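Reader: I have the sequence and the model open, and I would like to ask what lies behind some of the labels. Could you take me through them?

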Amino acid sequence: MLATLDDIEKVAISALKEVQDESALEAWRVAHLGRSAPLMDVFDHLGGLPKDERPAIGRRANEVKRRLEAALLEKAEDLRQAALTRSLQAERLDVSLPGRPMARGRLHPSTQTQRQIAHIFAEMGFQVYLSRDVETDEYNFQLLNFPPHHPAREMQDSLYVDAANRGDNPILLRTHTSPGQIRAMREFAAANPKNPPRVRIALPGMCFRHEQINARSEMQFNQVEGLAVGEHITFSDLKGTLTDFARRMFGQNARVRFRASYFPFTEPSAEMDVECFVCGGKGCSVCKNSGWLEILGSGMVHPTVLQNGGYDPARYSGYAWGMGPERQLMLRYKIDDIRYFWGNDLRFLEQF
Ligand code: DAH
């Protein structure tokens, strides 16, 4: 019997050497330690052995069982280690490869330009004033000296939000940032109606017009309005400030010219051109051979508008301007279609 146990152990141990994977190991366990394994057979027949042989056989059988169990655990661990080593090699990570670059967001080119403009005027003492996108006809037009049916409204075909039962005062999306002039002056003047404080503000924001959309016009575009009101402000201040702006925006050598124009809310009114920075003033397709590019409208604030804002035109004067950041970008980078700005095409946006 002891010899049988020796055999059982030898056979089992040598069979275990052949085991290569988990399923073979499980089969080995069933064959050598399972219910019908030869070793269990020995245990089953212990009772039928002569009394004096029993302790030695029993001890030996238990010893074989312990050894087989220990060998099983050891093999299982070996198999696990081997599997780990194999998978580490097969799924090897090359940490020296550069990672995938993160897509970084950035500001829209219009926002970038708007901030650049605001920054330049901030250096000259202008504060940013945010006005509303939705306006009444009164603020968008009437208080700016465009009475109902005024022909200058023709250029600002409007998108109405609510016109029913509002007579001459429908609600519309602002067609320009100029109504912010009235809102700002009224707010400033309310602080001290008898002695309103001076005003130096830049008003950026989106404007909306009912346009036939094409390469040159969009339904929405940004403007940056400017307003300076105080005592003894003259047209020279307007010219000096805007000339300096052009130099800071387009370079120290930028030349400008003012052309007489008309806006209902300024008198006199002027448009400012910068010398074409594409051809240096010689004439090209961007400046349509004129050598100049128009970048803004401006003028001395009309007395009626000062009055409407709460500033006595006998005491105060002021100047104002309105410029388009998209237009400046188009000129600077020779962008030939304004629809790119709101087309959400990353191939365009990622260039800025
Ligand atoms: N609001 C005008 C427009 O959208 C632009 C403009 C012209 C604004 C002259 C001004 C100004 O403040 O003084 O066409």
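Reader: Which strands each supply at least two residues of the shell around the ligand?

Author: Happy to help, and please keep in mind that this is a predicted model. The strands are E6 (220-230), E9 (292-301) and E10 (317-323). In total, 16 residues surround the ligand, and the closest are His176, Ser178, Arg209, Gln223 and Glu225. A residue is counted here because one of its heavy atoms lies within 4 Å of the ligand.

Reader: What makes the approach of His176 to the ligand a polar contact?

Author: The cut-off is a pair of N or O atoms within 3.5 Å. A side-chain N or O atom of His176 is 2.9 Å from a nitrogen atom of the ligand, so the pair meets that cut-off. Gln223 offers another case, with a polar side-chain atom 2.9 Å from an oxygen atom of the ligand. At Ala320 a backbone N or O atom takes part, 3.2 Å from a ligand oxygen atom; this pair therefore also counts as a polar contact. As for cover, the protein takes up 93% of the 350 Å² of accessible area that the ligand has on its own.

Reader: How do you know that the ligand sits in a pocket?

Author: The test is that more than half of the ligand's atoms lie within 2 Å of the pocket's grid points. The ligand is assigned to the largest pocket, so it passes that test there.

Reader: Why are E9 and E10 called paired strands?

Author: Pairing needs at least two bridges found by DSSP. E9 and E10 have five bridges, in the antiparallel sense, so they qualify as a pair. Within this pairing, Gly299 stands opposite Ala320 in E10. Both strands belong to an open sheet of seven strands, in the order E1-E5-E6-E10-E9-E8-E7, with mixed pairing.

Reader: What makes E1 and E7 edge strands of that sheet?

Author: Strand E1 (127-128) and strand E7 (256-263) each pair on one side only. The pairing of E7 with strand E8 (residues 266-275) is antiparallel, over seven bridges. Ala260 has Ala270 in E8 as its bridge partner, and a hairpin of two residues joins E7 to E8.

Reader: How do you know that the peptide bond between Glu267 and Pro268 is unusual enough to be labelled, and what is that label?

Author: The label is cis, and the value to look at is omega, which is about -5° for the bond joining Glu267 and Pro268. Pro268 is found in strand E8.

Reader: What makes the smaller group, E2-E4-E3, a sheet?

Author: Three strands in that order form an open sheet with antiparallel pairing. Its edge strands are E2 (134-136) and E3 (160-162), each paired on one side only. On average, neighbouring strands here are turned by 40° against each other, direction ignored. E2 and strand E4 (residues 171-173) are joined by three bridges; at least two are needed, so they count as paired. Val134 stands opposite Leu173 in E4.

Reader: What makes Asn145 worth a look?

Author: Its phi is near 80°, a positive value in a residue other than glycine. You will find Asn145 in the loop between helix H6 (137-140) and E3.

Technical notes
Residues are numbered from 1 along each chain as its sequence is written. This is a predicted model: local features need pLDDT of at least 70, side-chain atom pairs count only at pLDDT 80 or more; totals for chains, interfaces and linings use all residues. Side-chain values use heavy atoms; hydrogens and water are left out. Helices (H or I, at least four residues) and strands (E, at least two) are DSSP runs, numbered from the N terminus. Axes are lines fitted to C-alpha atoms, for helices over the stretch in contact, and angles run from 0 to 180 degrees between N-to-C directions. A polar contact is a pair of N or O atoms within 3.5 Å; within protein, one must be able to donate a hydrogen and the other to accept it, and residues adjacent in sequence count only if both atoms are side-chain atoms. Accessible areas come from the Shrake-Rupley method with a 1.4 Å probe; for residues, only the protein chains shown count as cover. On a 1 Å grid over the protein atoms alone, a cavity is a set of points where a 1.4 Å probe fits but cannot get out, and a pocket is an open set with protein on both sides within 12 Å along at least five of seven lines; lining residues have an atom within 4 Å of a point.
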